[in-house]
Amino acid sequence: MTHAFDETFARQRARLLELLRRLSFERRAVTLSSGKPSDFYIDVRQTALTAEGHFLVGQLLYALVERHAPEAEAVGGMTLGADPLASAVSLVSFVAGRPRHAFYVRKEPKGHGTKVWIEGARSLRSGMPVVIVEDVITTGGSALRAIERAHLHELKVVHVLAVVDRDEEGGREAIAREAPVSALFARGDFLET
């Protein structure tokens, strides 16, 4: 990668962190989707659904796709957290001239019509290399479900990318048994003392 690229990546990453700290991070007692208690919460959607946040997430995750999984032809993950991420990466990839399709993995199959688990499946093919995107890794449950559904659809998961890895919660390790994992930010980016 070029020096200019690295500078742009670092600048965009720093700006996204500012937005995440302001719009998405809360220091309070919460129960996470895993059922575990925590003294902080990060709702990436609050940032990813703003115009600037959407752009930055797309740019940065696209850069990680290019760095870690350039062979990937599609990006997707569990609805609802991964939806804006996959869409942002897909848009940025098209503008960059290296288009990747987006797909969303449902929590339950569609209750009518085609009864599909994966939205956007018509753009996917058996054996296609894909990247799973995740907003926040805690226990890894969402990413693992997305990987499972991707495998059932005969997709080849080549990498998992997250905006935030909460670290120390076991998620990265659980996911790494299935695919390589990278994240833009870690717990320390939010809980610095």
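How many aromatic pairs does the count come to in this structure? I shall begin there, and then turn to one buried serine and to the largest pocket. Please keep in mind throughout that this is a predicted model.

The count comes to three aromatic pairs. One of them joins Phe25 and Phe40, and this pair is tilted: the centres lie 6.1 Å apart, with 35° between the planes. Phe25 belongs to strand S1, residues 25-26, while Phe40 sits in the loop between strand S3, residues 37-38, and S4, so the pair ties together parts that are 15 residues apart in sequence. Both rings belong to buried residues. Phe40 has a relative accessible area of 0%. For Phe25 the value is 17%, and because buried means under 20%, Phe25 also counts as buried.

A further pair is formed by Phe185 and Phe190. Their ring centres are 6.4 Å apart and their planes meet at 75°, so this pair is edge-to-face. Phe185 is buried, at 2% relative accessible area, and Phe190 is buried as well, at 9%. Taken together, Phe25, Phe40, Phe185 and Phe190 make up one aromatic cluster.

Let me now move to Ser90. This residue is part of helix H4, which covers residues 83-95. Is Ser90 buried or exposed? Its relative accessible area is 18%, and since the limit for buried is under 20%, Ser90 is counted as buried. What does its side chain meet there? A polar atom of the Ser90 side chain lies 2.7 Å from the backbone oxygen of Arg100. If we set aside neighbours within four places in sequence, Ser90 is in contact with Val75, Arg100, His101 and Ala102.

My last topic is the largest pocket, which has a volume of about 550 Å³. Its lining consists of 26 residues, and those nearest the centre are Ser33, Glu134, Asp135, Val136 and Ser142. Three elements each give two or more residues to this lining: strand S4, residues 41-42; strand S8, residues 129-137; and helix H5, residues 141-152. Which of the elements gives the most? That is S8, with four residues. As for the character of the lining, it divides into nine nonpolar, 10 polar and seven charged residues.

To close, I would ask you to find two places in the structure before you. The first is the aromatic cluster of Phe25, Phe40, Phe185 and Phe190. The second is the largest pocket, with S8 giving four residues to its lining.

Conventions
Residues are numbered from 1 along each chain as its sequence is written. This is a predicted model: local features need pLDDT of at least 70, side-chain atom pairs count only at pLDDT 80 or more; totals for chains, interfaces and linings use all residues. Side-chain values use heavy atoms; hydrogens and water are left out. On a 1 Å grid over the protein atoms alone, a cavity is a set of points where a 1.4 Å probe fits but cannot get out, and a pocket is an open set with protein on both sides within 12 Å along at least five of seven lines; lining residues have an atom within 4 Å of a point. Grid points are joined across faces, edges and corners, and a volume is the space filled by probe spheres set on the points. Ala, Val, Leu, Ile, Met, Phe, Trp, Tyr, Cys and Pro count as nonpolar, Asp, Glu, Lys and Arg as charged, and the others, Gly among them, as polar. Buried means under 20% relative accessible area, exposed over 50%, partly exposed in between (1.4 Å probe, protein chains only). A polar contact is a pair of N or O atoms within 3.5 Å; within protein, one must be able to donate a hydrogen and the other to accept it, and residues adjacent in sequence count only if both atoms are side-chain atoms. Contact means heavy atoms within 4.5 Å. Rings of Phe, Tyr and Trp (its six-membered ring) pair if their centres lie within 6.5 Å; planes under 30 degrees apart count as stacked, over 60 as edge-to-face and the rest as tilted.
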